[in-house]
Structures are given as C-alpha cells and as structure tokens.
Amino acid sequence: MTTDDRPTGTPAGLGPVSETALWTLYHRAVEARRPDTLLPDPMAVRLVETLDYPFEERFGAPSSAAVRFQSQLQAQRVRCFDREVADFLLRHPRGAVVCLGEGLETQFWRVDNGRAQWLTVDLPGSVALRERLLPPGPRQRLIACSVTDDRWMREVDASQGVLITAQGLLMYLRPGEVREVIAGCAAHFPGGGLVMDAVPRWFSRLATEGRLRVGSYQAPPMPWGMDASEQQRLRTAHPGIAEVRDVLPPPGRGLLGALLPYAARLPVLRAKRPSVVHLAFAEPGRTATG
C-alpha cells in the first residue's frame, strides 16, 4: 500500500470503545519499531504507517516516556495472550481460535501455525474496518455481532479444540454481561478455554469517572473491574469452569519492566494489578470440582 493509497476516514462509525482498537494498534507499533522490541509486529507497523489517522496527536508522540512505557506494558500483556494461544496450537494444531472484540489485533500474523481456524467476533463497524484493512484469509472468518449475542457460539467448530480470547474487551461490558459471556463459553465449549484480561477496580473507577486522559484521548468508561485477588471468584460463573490460572507477563526492559512479573507475588501489589487469566472448562460430561 503506497502513501497515495492510504485509507481515509477510517475511524468513521467507530464509537469510543471501538476506537480503543486504534489505541492498542498504535502502542503495539511503537513497541515493534524498537530495535530491542518485546513484540515483533510488522503488520501493526504497516497499518499505523498507512492509516489516515492522527495517531500521535490523539495518543501521544512515540518519543515521550509515557507512550514508550505504555507501549511496553501493552506488549507484555499481548505476549501473555500470544503465549497461551501458541501453547494451545501446539496441543491442538487444527483447533479453533475465537477472538472476541478483536478490533485491529494482528495476533494471527504473529502466532498462526498454518492449520488452525480463526474466528473474529466484533461489532459491525469494527468488523467492516478489519475486513477492509486486514482482509481475512481462507482460515479466517469474521462475525459482526455483539459478543453478548450467543449466536456466534453456534458458528464455532470446536471438534478439534477451541480457545477463546477476550483481550482488552470485558472491562467495557457491564458486570452481569461479563458473567453471562463467561458462563456461555463454559456451557457451549466443554473442554475448551478462555483467556481474558481484567483491570483492577481502582482503574475501572478512574475510567468510569472520566479521569483517564492522555493528550486528547479520553479512555471510555470501564464498568467492570476485577482485582487480581478476586480471580478465583470467576469459578462461580458456571459449574463447568475447572481451573482459573493467573497468566504472568514476561520480563520487560528497565527496572519496572523487569520487576513487573514479580510484582504479582508481592502482597501489596498483587491484588491491585491488571491481570490476564486462563479459564479451563471441564471436559464433556464432567463438572468442575474444588
């Protein structure tokens, strides 16, 4: 795609929550451009370079310390998801990876094994944008509907195993909706799994109060928050949830980046940090215990 071919009017029709796809894309690209990057992501770099969107004016200059730090944190979170998906594909090479609220995530190009089936579920505006910028290949399908509409579940072929991801999504739903999505996944996909992330309650409160702003960008409200110390409560969403496992980030650059994985073990920080969680669903015919 040349400069003259840049898509125009890209954000049109995207609401505040859907626009977060551009925020996460930008931070992945900022990190990917570094020679010592934690997240090689040439597809993200290409998209940011070709999109007609004021990324720097909206989200901050890549040279700023705040953007660099946020980009590293984003990369560490993304690598948690990449690692879980890659591990799933080692065990289920022809399995189905279902990405809820995928936006402009480019995980497919980072971890695809050439055999798996990929399904994107997102709102119509986001699906239209993704289809335009990241046209799906033969093993990729897009479904335009809310993740709270369980009709997408009937579109999944789980015969070879299924892993569902909800990256940067559930915090924008109401608590009851989060519980319904988790319960629906556990009920429809026994033997499968769900990898999801959560912001702590204090962060959710700041976003909901409109107190999270970077430059001209105002983070949308985040009605659902979960402290990391509450992870095991997710079991109560459905009796088929067999395991709730904390997924710790890899080490990063600098003192803070290197210490981040260990912060999860410190009592003062453990409860109040963002978290990535893997839920494993009981095999068919079995009910989780414990």
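This is a short talk on how one predicted protein chain is put together, from its overall make-up to its strands, cores and ring pairs.

Hi everyone, thanks for coming. Please keep in mind throughout that we are looking at a predicted model.

Let me start with the whole chain. There are 290 residues, and 52% of them are buried. The secondary structure consists of 10 helices and 9 strands. The accessible surface is about 13,600 Å², and carbon and sulfur atoms contribute 55% of that area. For those of you who like contact maps: among contacts with a separation of 6 or more, 71% are between residues 24 or more positions apart.

Now to strand β9, residues 275–281. How many of its residues are buried? The count is 7 of the 7, so β9 is largely enclosed by the rest of the structure. As a reminder, side chains in a regular strand alternate between the two faces of the sheet. In β9, Ser275, Val277, Leu279 and Phe281 point one way, while Val276, His278 and Ala280 point the other way, and every one of these is buried.

Which strands pair with β9? Strand β5, residues 193–198, is joined to β9 by 6 bridges, and the two run antiparallel. Strand β8, residues 241–247, is also antiparallel to β9, again with 6 bridges. If you want landmarks on screen, Met196 has Val277 of β9 as its bridge partner, and Ile241 stands opposite Phe281 in β9.

Let's stay in this region and pick out Ala166, which sits in strand β4, residues 162–166. Is Ala166 buried or exposed? Its relative accessible area is 1%, and because the cut-off for buried is under 20%, Ala166 counts as buried. Leaving aside neighbours within four places in sequence, Ala166 is in contact with Phe81, Leu100, Leu194, Val195, Met196 and Asp197. There is also a distance you can check: the C-alpha atoms of Ala166 and Ala198 are 9.6 Å apart, with their positions 32 residues apart along the chain.

That brings us to the nonpolar cores. The largest one has 35 residues, and the members that touch the most others are Val98, Leu100, Trp152, Ile164, Ile182, Met196 and Leu279. Who supplies this core? At least two residues each come from β1 (96–100), β2 (117–122), β4, α7 (175–188), β5, β8 and β9. Helix α7 gives the most, with 5 residues. Val98 makes a good example of the packing: beyond residues up to four places away in sequence, Val98 touches Leu119, Val121, Trp152, Val156, Val162, Leu163, Ile164 and Thr165.

A second, separate core has 31 residues, including Tyr26, Phe59, Val67 and Val199.

Phe59 leads us nicely to the aromatic rings. The chain has 10 aromatic pairs. One of them is Tyr53 with Phe59, a tilted pair at 5.9 Å centre to centre with 35° between the planes. Both of those residues are buried. Phe59 also pairs edge-to-face with Tyr217, at 5.1 Å centre to centre and 85° between the planes. That second pair links distant parts of the chain, since Phe59 lies in helix α3 and Tyr217 in strand β7 (residues 217–218), 158 residues apart. Tyr217 is buried as well, like Phe59. Taken together, ring pairs connect Tyr26, Tyr53, Phe55, Phe59 and Tyr217 into a cluster.

Two helices deserve a quick look. In α2, residues 42–50, the buried residues are Met43, Ala44, Val45, Leu47, Val48 and Thr50. They pack against α1 (16–32), α3 (55–59), α5 (107–111) and α6 (124–133). Then there is helix α8, residues 201–208, which holds Ser204. At 6% relative accessibility, Ser204 is buried. Outside residues up to four places away in sequence, Ser204 touches Val199, Met222, Pro223, Trp224 and Gly225.

One last item, on cysteines. How many disulfides does the structure hold? The number is 0. Cys80 is buried at 1% relative accessibility, and Cys99 is buried at 3%.

That's my tour, and I'm happy to take questions.

Technical notes. Residues numbered from 1 in each chain as written. Predicted model: local features only at pLDDT ≥ 70, side-chain atom pairs only at ≥ 80, totals over all residues. Heavy atoms only, no water. Helix = DSSP H or I, 4+ residues; strand = E, 2+ residues; numbered from the N terminus. Buried < 20%, exposed > 50% of the residue type's maximum accessible area, 1.4 Å probe, protein only. Contact = heavy atoms within 4.5 Å. Areas by Shrake-Rupley, 256 points an atom, 1.4 Å probe, with all protein chains shown as cover. Disulfide = S-S within 2.5 Å. Pairing = 2+ DSSP bridges. Phe/Tyr/Trp six-rings, centres within 6.5 Å; stacked < 30°, edge-to-face > 60°. Core = buried A, V, L, I, M, F, W, Y, C linked by side-chain atoms within 4.5 Å.
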